[in-house]
Amino acid sequence: MREVRAPQGSQPAGPHQPVLLAEVLEALAPLEGGRFVDGTFGAGGYSRGLLAAGAAVVAIDRDPGVKPFADALQAEFGERFSFVPGTFSALDSLAGALPVDGVVLDLGISSMQVDEPGRGFSFLRDGPLDMRMSGAGESAADLVNGLDEAELANLLYAYGEERKSRRIAHTIAVARAAAPITTTGELARLVEKAIGRKPGEAHPATRSFQALRIAVNDELGQLVEGLFAAERLLPEGGRLAVVAFHSLEDRVVKRFLDPEKGAAVQSRHMPQTRPAEPRWIALAKPRKAGAAELARNPRARSAILRSARRSASPARPVSLDGLGLPHARGAA
Ligand SMILES: C[S@@+](CC[C@H](N)C(=O)[O-])C[C@H]1O[C@@H](n2cnc3c(N)ncnc32)[C@H](O)[C@@H]1O
């Protein structure tokens with residue numbers, strides 16, 4: 001296998017601008033003849049970069065709307081590219097039988113999802129209160145109208161880190177007693193009514209929308225399953241790159257890759273136990289977008305890339321312990 005330079009700055013066709021593309025490709029170090037799993041295909045920016053470097057790619061996405069982008073890569077790269085609809089929680093079984101050299105997960109939502117009002121992800125564009133990446137299962141409207149007030153407050157607190165979650169849940173409960181809340185605009189106005197809006201700060205609904213999106217798509221559950229699936233799938237030396245967009249996700253990735261960090265936080269009053277055998281060896285320090293990328297793509301501002309390579313230690317059974325997953329408690 002011959003090492004091929006990652007195509008610096010190569011931009012794919014498609015409306016989603018890949019975040020930290022050069023850094024992700026550097027972390028994965030694709031070789032001609034190598035084989036990679038892109039667990040969050042989107043518009044295919046990372047897949048294209050890997051394919052351009054001569055590797056083969058199995059791409060996964062739960063959003064049926066990405067099909068045209070997958071078809072385009074299929075037409076261009078033929079059998080080196082394949083697309084499997086599904087969730088990355090099952091990436092080890094979706095990857096096929098051949099060995100895999102690396103896995104990449106880009107955890108944000110795509111520009112196609114956030115910019116399309118009909119998908120219901122954005123409080124800036126009025127649309128149905130949906131937020132389902134796959135288009136199936138419970139929608140955000142189902143949760144907003146169906147959970148009891150305390151459950152809703154807990155959800156907003158746990159997944160949105162929203163300290164005023166009880167006030168928001170109460171305002172929602174009062175409003176929905178008159179008529180169900182069905183649009184993103186309605187929900188955004190209710191959150192603003194509940195907690196006010198300060199000039200110069202992010203929209204007050206930002207945290208509530210994040211919380212609902214995480215719950216609707218079981219994003220943290222998917223992340224945990226996907227990370228353990230990558231651990232099972234990758235042989236010694238196999239590379240994992242994960243781009244997270246908020247602190248809940250990044251904490252899970254950080255502690256998964258380095259369980260000692262989680263253990264140190266969780267049991268600092270306990271006697272020291274022997275460090276566990278590492279499953280992952282960090283490839284680089286966490287990376288963030290530089291000024292040039294931020295100027296071109298403001299959506300990269302909260303992105304953080306962690307990368308590691310697999311050690312020879314056997315994969316662990318799936319466990320939530322020590323990953324710092326949020327608990328629903330303490331809402332005000
Ligand atoms: C930020 S976008 C990826 C963009 C992509 N890296 C690119 O360059 O175009 C995230 C994509 O992952 C998909 N996704 C999110 N969670 C998923 C999951 N658990 N399983 C499969 N796909 C998922 C979303 O539908 C979305 O298309």
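## A walk through a predicted model

Just past helix H1, Ala29 has a positive phi of about 45°. Keep in mind that this is a predicted model.

Student: Let's start there, then. How many of the eight residues of helix H1 are buried?
Tutor: Helix H1 spans residues 21–28 and is mostly covered. Its buried residues are Leu21, Glu23, Val24, Leu25, Ala27 and Leu28. That puts the count for H1 at six.

Student: And what about Leu20: is it buried or exposed?
Tutor: Leu20 belongs to the segment before H1. Its phi is positive, about 50°, although Leu20 is not a glycine. Buried means under 20% relative accessible area. Leu20 has a relative accessible area of 0%, so it counts as buried.

Student: Which way does phi usually go, negative or positive?
Tutor: There is a general habit to lean on here. Most residues other than glycine have a phi that is negative.

Student: So where does Asp218 sit, given its phi?
Tutor: Asp218 has a positive phi near 45°, and it is a residue other than glycine. At 44% relative accessibility, Asp218 counts as partly exposed. As for its place, Asp218 is in the loop between H10 and H11.

Student: Let's zoom out. How many helices and strands does the protein have?
Tutor: The C-alpha atoms fill a box of roughly 65 × 55 × 35 Å along the principal axes. In the protein you'll find 14 helices and eight strands.

Student: What is the radius of gyration of the protein?
Tutor: Start from the chain: it has 332 residues, and a compact globule with that many would have a radius of gyration near 20 Å. The protein agrees with that, at 20 Å.

Student: What share of the residues is buried?
Tutor: Let's look at the outside before the inside. The protein exposes about 15,600 Å², and carbon and sulfur atoms supply 53% of that area. Of the 332 residues, the buried share is 51%.

Student: What share of contacts comes from residues 24 or more positions apart?
Tutor: Here the pool is the contacts with a separation of 6 or more. Residues 24 or more positions apart account for 71%.

Student: Now the ligand. Which of the residues around it come nearest?
Tutor: The shell holds seven nonpolar, 12 polar and four charged residues. There are 23 residues around the ligand, and the nearest are Asp61, Phe88, Asp106, Gln113 and Gln222.

Student: How much of the accessible area of the ligand does the protein cover?
Tutor: Look at the backbone first: a N or O atom of Phe41 lies 3.5 Å from an oxygen atom of the ligand. For Ala43, the distance from a backbone N or O atom to an oxygen atom of the ligand is 2.9 Å, and a polar backbone atom of Gly45 is 3.0 Å from a ligand oxygen. On its own the ligand has 610 Å² of accessible area, and the protein covers 98%.

Student: Gln222 came up by the ligand. Which helix is it in?
Tutor: Gln222 is buried, with a relative accessible area of 11%. Not counting residues up to four places away in sequence, Gln222 touches Arg62, Thr87, Phe88, Ser89 and Asn217. Residues 219–233 form its helix, H11.

Student: Which residues does Ser208 contact beyond its sequence neighbours?
Tutor: Ser208 is in helix H10, residues 206–216. With a relative accessible area of 1%, Ser208 is buried. Leaving aside neighbours within four places, its contacts are Leu156, Glu162, Ile168 and Val191.

Student: And where is Ile168?
Tutor: Ile168 counts as buried, at 1% relative accessibility. Leaving aside neighbours within four places, the contacts of Ile168 include Ser208, Ala194 and Ile195. Ile168 is found in residues 165–178, helix H8.

Student: Why is helix H12 called largely enclosed?
Tutor: Among its buried residues are Leu248, Val252 and Phe256. H12 is largely enclosed by the rest of the structure because its buried residues number eight of the 11.

Student: Last one: which residues does Pro286 touch?
Tutor: Pro286 lies in the loop between strand S6 and strand S7. At a relative accessible area of 42%, Pro286 is partly exposed. Not counting residues up to four places away in sequence, Pro286 touches Ile304, Leu305 and Arg306.

Notes: Residues are numbered from 1 along each chain as its sequence is written. This is a predicted model: local features need pLDDT of at least 70, side-chain atom pairs count only at pLDDT 80 or more; totals for chains, interfaces and linings use all residues. Side-chain values use heavy atoms; hydrogens and water are left out. A residue is near a molecule or strand if one of its heavy atoms lies within 4 Å of it. A polar contact is a pair of N or O atoms within 3.5 Å; within protein, one must be able to donate a hydrogen and the other to accept it, and residues adjacent in sequence count only if both atoms are side-chain atoms. Accessible areas come from the Shrake-Rupley method with a 1.4 Å probe; for residues, only the protein chains shown count as cover. Ala, Val, Leu, Ile, Met, Phe, Trp, Tyr, Cys and Pro count as nonpolar, Asp, Glu, Lys and Arg as charged, and the others, Gly among them, as polar. Helices (H or I, at least four residues) and strands (E, at least two) are DSSP runs, numbered from the N terminus. Buried means under 20% relative accessible area, exposed over 50%, partly exposed in between (1.4 Å probe, protein chains only). Contact means heavy atoms within 4.5 Å. The radius of gyration is taken over C-alpha atoms; the globule rule is 2.2 Å times the number of residues to the power 0.38.
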